[in-house]
Amino acid sequence: MRNFNLAIVLAFASSANGQLNPLAIPPALELDTFDLVADEHVHQFYPGINTSTYGASAEYLGPTLILHRGDTARIRIHNELAEMTSMHWHGMHVPGEMDGGPQRIIDPGESWMAEFPVKNPAATYWYHPHPHELTAEQANFGIAGFIIVRDQEEEQLPLPRSYGVDDFPVVIQDRKFLANGDFAFYPFGDSVLVNGTPNPFLELPAQVVRLRLLNGSNARIYALGLDNGQHMHVIAGDAGLLPAPAATDRLWLSNGERAEVLLDLTGMEGDSLLLMSYGNELPNTVPGSGNMLWESSLLNGVAFQVLRIRVTTPTVNPITAIPSGLLTVPMPAESESIRTRTKTITGMGMVGMGMFMINGSMFDMDVVNDTMQLNTVEAWNIVNNSNMAHPMHIHGVSFTVLERNGVPPLAWEQGPKDVVLVDRFETVKLVMRFGEITDGWPFMYHCHNLLHEDNMMMLQYIVQDPTLEVPESESSGARSFPNPTIGPVMVRSLFPLISVEVLDALGRVVLKQSGNGNHQAIFDLSDASTGVYFVRLQGAMESGQLTVVKE
Ligand code: C2O
Ligand code: CU
Ligand code: CU
């Protein structure tokens, strides 16, 4: 657990009297190989005030990476920080090895190249560090960026998609500044930064425009809306388009969640409107509400301005209508599910501290909490019996939210997603397909309140390929003795053995020896920790698998 810096905090220019700044738009890169350097920087959010930051090839945040479905993405991260990091492609369907979770450490001075086929449908994803217990701190300092996936289906729709012209990334973060100008490491801030810009304004043409909203905050949840009562038309959730735009005057965005919205500004040239967060509307169980028992912030429980929008001249070929239909991203149905798992959240705490558990467990990097079979569909019920709402995120998949407390979610929440806010005493039912293999690099699922995540509100799962992993009952008559064992194990098989491989629960090879063509082999687990091990028996034509328990 960390101690928050409680030194005197400067509440910088509130939006009422502060000077407005043009919204920074991170550069969009479209490259065969991206290079990102995680490094320390100094940035002036406010003129003359130096703030120590981290960035990804930038003083704060990082470039937007444009990927195309069907291409191979190559992203090289170089770690120039003084501490280890890792880089995670939030929402992307990649093999466990490329997911950039806490196991995939990049030491100071080292690089890592992620390479994966882009399988996700067109939508807005993002990248951020994911090192064990350091995610919140490194994200708070500023390492994060957008990933925009484009595909041919989306390109056929009459939607705004000129980056920085009628299509804008909008990452919302709150930050607390210390008297010396640096960031406090704290669950809430008193200042809103959008794309790293305090008090931002954005000039938008008088036509239909697209905002790609991301909640990149540590813990604050936003209840977004326009101050003039105008509707936002949600076209995409976290991980894909909706079948049709969903009009709403409020959009809740929890940590890690994205939503793409269209605003129809046609005929509004010269007008000005505000994108607001109505924190006053959040129930007491939601971080960002006015709950007096939790960490304080000037922004808690009040409505505040996120972004001022000034409507200017339309562009040459404007989109002038909200389309009536979009497209249906194929997602598994509940009827395809082969298994239902229940994940119950318990515990008590504040927004930045506390002990929160999932099914009674907290994160242990050496423990695999769930095992899934490749390409199978499962339904999960997430039950929240703790004292606050948690934004729950699952790596390696996109899911559909089927129900909240037995009722289908609002239309804008019905698309493919990878984060879902589960309020206190809510049960949220999800369905998803596990389509990516882990092979020794587990996927995480966790609370995306970054302080909860670092405080072990996270578990991990592996995905096995049932066509490669032969179940014990069909393992060519292989046997082991004794099992459980305190050390030595003898295995026998019906076929001549070429090799014997022992893997731990994470799929890591702990022992490999030659079978010398014999029908039996002996190996020793005396030095191995207690737990379940898989034994792979490899013959010339056949293979088998056993499970051995070390006591
Ligand atoms: Cu946004 Cu485990 O990640
Ligand atoms: Cu993720
Ligand atoms: Cu949480």
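**Cavities within and between domains**

Because domain 2 (157-327) and domain 3 (334-466) both contribute residues to the lining of the largest cavity, this cavity lies between them. The model examined here is a predicted one, and its structure holds 4 cavities of 30 Å³ or more.

The largest cavity has a volume of about 60 Å³. Its lining is made up of 13 residues, of which Glu257, Arg258, Ala259, Trp412 and Lys417 are the closest to the centre of the cavity. When the lining is traced back to secondary structure, the elements that give two or more residues to it are strand E19 (232-237), strand E21 (251-253) and strand E22 (258-264). In chemical character, the residues that line the largest cavity divide into 7 nonpolar, 1 polar and 5 charged.

From there the reader may turn to the second largest cavity, which holds about 50 Å³ of space. The residues that line this second cavity are Lys343, Ile358, Trp380, Ile382, Met392, His393, Ile394 and Tyr445. Two strands, E28 (377-384) and E29 (390-394), each supply at least two residues of that lining, and the largest share, 3 residues, comes from E29. The lining of the second largest cavity divides into 6 nonpolar residues, 1 polar and 1 charged, whereas that of the largest cavity holds 7 nonpolar, 1 polar and 5 charged residues.

Terms used
Residues numbered from 1 in each chain as written. Chains lettered and ligands numbered in written order. Predicted model: local features only at pLDDT ≥ 70, side-chain atom pairs only at ≥ 80, totals over all residues. Heavy atoms only, no water. 1 Å grid on protein atoms, 1.4 Å probe; cavity = no way out; pocket = protein on both sides within 12 Å on 5 of 7 lines; lining within 4 Å. Points joined across faces, edges and corners; volume = space filled by probe spheres on them. Helix = DSSP H or I, 4+ residues; strand = E, 2+ residues; numbered from the N terminus. Nonpolar A, V, L, I, M, F, W, Y, C, P; charged D, E, K, R; others polar. Domains from an automatic or database assignment.
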